[in-house]
Amino acid sequence: MYNIKTLNNISSKGLERLSSNLFAVDEEGAQPDGILVRSAAMQDMALPESLLGIARAGAGVNNIPVDKCSEAGIVVFNTPGANANAVKELVLGGLVLASRKVGKGMEWAKTLAGQGDAIGKLVEKGKSQFTGPELAGKTLGVVGLGAIGVKVANMATHLGMEVLGYDPYISVAGAWSLSRSVRHCVNLSDLIAQCDYITLHIPATAETKGFVNDSLIAQMKHGVRILNFARGELVNTAAMVNALKTGRVACYVCDFPSEALLSAEGAVCIPHLGASTPESEDNCAVMAADELGDYLLNGNIKNSVNFPSVSMPRAGGSRICVVHRNIPGILAAITDVTSKAGLNIDNMTNKSRGDYAYTMLDTGGSVGTADAARLLDVSGIIRVRVV
């Protein structure tokens with residue numbers, strides 16, 4: 001039986017995916033084989049030697065020490081696409097908020113309380129200050145065509161918008177899902193210069209921090225409207241506040257309030273509601289539980305942020321799972337050890353990702369503790385287990 005520790009409140013629908021015959025799930029496990037987590041900070045948390053995998057019920061993993069996990073052979077999973085519909089729907093609201101000054105209009109309407117029968121005339125007199133353009137016929141640029149970006153791009157075509165998309169790393173699945181009405185730009189500058197609205201759907205990394213800055217804004221149309229429901233650090237706040245002051249950016253809608261943005265005219269701050277729906281939380285928990293359960297039981301890896309995706313149907317006998325560094329000669333060393341142990345390899349797969357790699361072998365015979373120990377003696381091998 002595998003022990004799974006939960007951090008934060010993981011949806012019961014996710015926990016129900018983990019059979020009580022195979023998994024013991026609780027919040028107190030001191031030596032867990034796996035951890036299910038939402039937003040709890042794990043950066044300074046001690047990682048027990050028993051830990052094999054961490055599944056984040058969400059897309060971002062900035063609360064998890066991924067590099068430390070990689071060094072220890074701990075596979076970190078996320079749940080891309082599980083909250084895509086929730087974010088897409090909020091982006092739709094953001095497009096309207098960017099155009100029509102709905103928020104300010106609602107605030108102003110409340111000031112009319114107590115005016116009685118005069119409210120109707122006051123509304124007609126004052127509503128012109130909240131006018132804004134329609135979405136139909138305008139050009140939307142979608143930067144990042146992952147699970148969310150594709151849904152946003154397709155949705156916008158149904159609103160009558162001309163949609164441009166940019167993603168040099170678009171997946172095959174993303175390309176197949178994208179509406180043929182969306183024009184795929186191979187150059188970011190081409191998209192930036194043409195768009196009335198720009199929405200960001202890229203991950204936050206060291207390379208993308210401050211992605212929207214003075215230089216990029218200078219390439220945009222005057223009066224552009226920018227939406228950010230991805231990560232706050234993608235946008236240089238000082239550059240955005242300045243662009244709002246000059247009118248270079250007409251409106252900035254984001255899901256990440258900050259002190260500077262809350263006081264900036266033209267900024268619309270939403271309190272990080274992108275994935276805050278019960279459906280999204282259920283979807284993320286179910287996907288995270290399935291990923292972690294499949295890895296612990298079968299060694300399969302899907303949607304890992306630090307190791308390659310590797311999946312292989314069972315060929316019977318024993319399965320050896322090897323987490324190792326991506327260095328020359330290591331596969332030969334693995335097969336040499338299994339051969340000397342008298343183990344016939346019925347099926348084998350290996351994939352690498354950056355500095356790390358993962359190998360699975362199905363053998364016809366039983367694999368003993370001594371055999372696994374001999375594999376661990378091979379230079380570059382981080383973790384070995386038999387499932």
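**Figure 1. Helices α3 and α6 lie oblique to each other.** Welcome to this predicted model; our tour starts where two helices meet. Helix α3 covers residues 84-100 and helix α6 covers residues 147-158. Two packed helices are described by the angle between their axes and the distance between the axes. Here the angle is about 45 degrees, and the axes are 9 Å apart. An angle under 35 degrees would count as roughly parallel and one of 65 to 115 as roughly perpendicular, so the pair falls into the oblique class. The crossing of α3 and α6 is right-handed. To find the contact, look on α3 for A84, N85, V87, K88, V91, L92 and L95. Their counterparts on α6 are A147, I148, K151, V152 and M155.

**Figure 2. Four strands make an open, antiparallel sheet.** Follow the strands across the sheet and you will meet them in the order β14-β15-β13-β16. At the edges stand β14 (345-353) and β16 (381-386). Each of these has a single partner strand, so one side of each is left without a neighbour in the sheet. On average, neighbouring strands of this sheet are turned by 10 degrees against each other, with direction ignored.

**Figure 3. A closer look at β14 and its partner β15.** Strand β15 takes in residues 356-363 and pairs with β14 in the antiparallel sense. The two strands are joined over 8 bridges. For a landmark, try N347, which stands opposite D362 in β15.

**Figure 4. Helix α14 has its buried residues on the same side.** Which residues of helix α14 (residues 369-376) are buried? They are D371, A372 and L375. Around the helix axis these residues cover an arc of only 95 degrees, which puts them on the same side of α14. What do the buried residues of α14 pack against? Their partners are β13 (318-325), α13 (330-340) and β16. Strand β16 may be familiar from Figure 2, where it stands at an edge of the sheet.

**Figure 5. H272 and N303 have positive phi values.** Phi of H272 is near 50 degrees, a positive value in a residue other than glycine. You will find H272 in the loop between β12 (267-269) and α12 (278-298). With a relative accessible area of 46%, H272 is partly exposed. N303 is also a residue other than glycine, and its phi is near 65 degrees. Look for N303 in the loop between α12 and β13. N303 is partly exposed, with a relative accessible area of 22%.

Methods. Residues numbered from 1 in each chain as written. Predicted model: local features only at pLDDT ≥ 70, side-chain atom pairs only at ≥ 80, totals over all residues. Heavy atoms only, no water. Pairing = 2+ DSSP bridges. Axes fitted to C-alpha atoms, helices over the stretch in contact; angles between N-to-C directions. Buried < 20%, exposed > 50% of the residue type's maximum accessible area, 1.4 Å probe, protein only. Arc of directions from axis to C-beta. Contact = heavy atoms within 4.5 Å. Parallel < 35°, antiparallel > 145°, perpendicular 65-115°, else oblique. Left-handed = near helix turned anticlockwise from the far one by under 90°.
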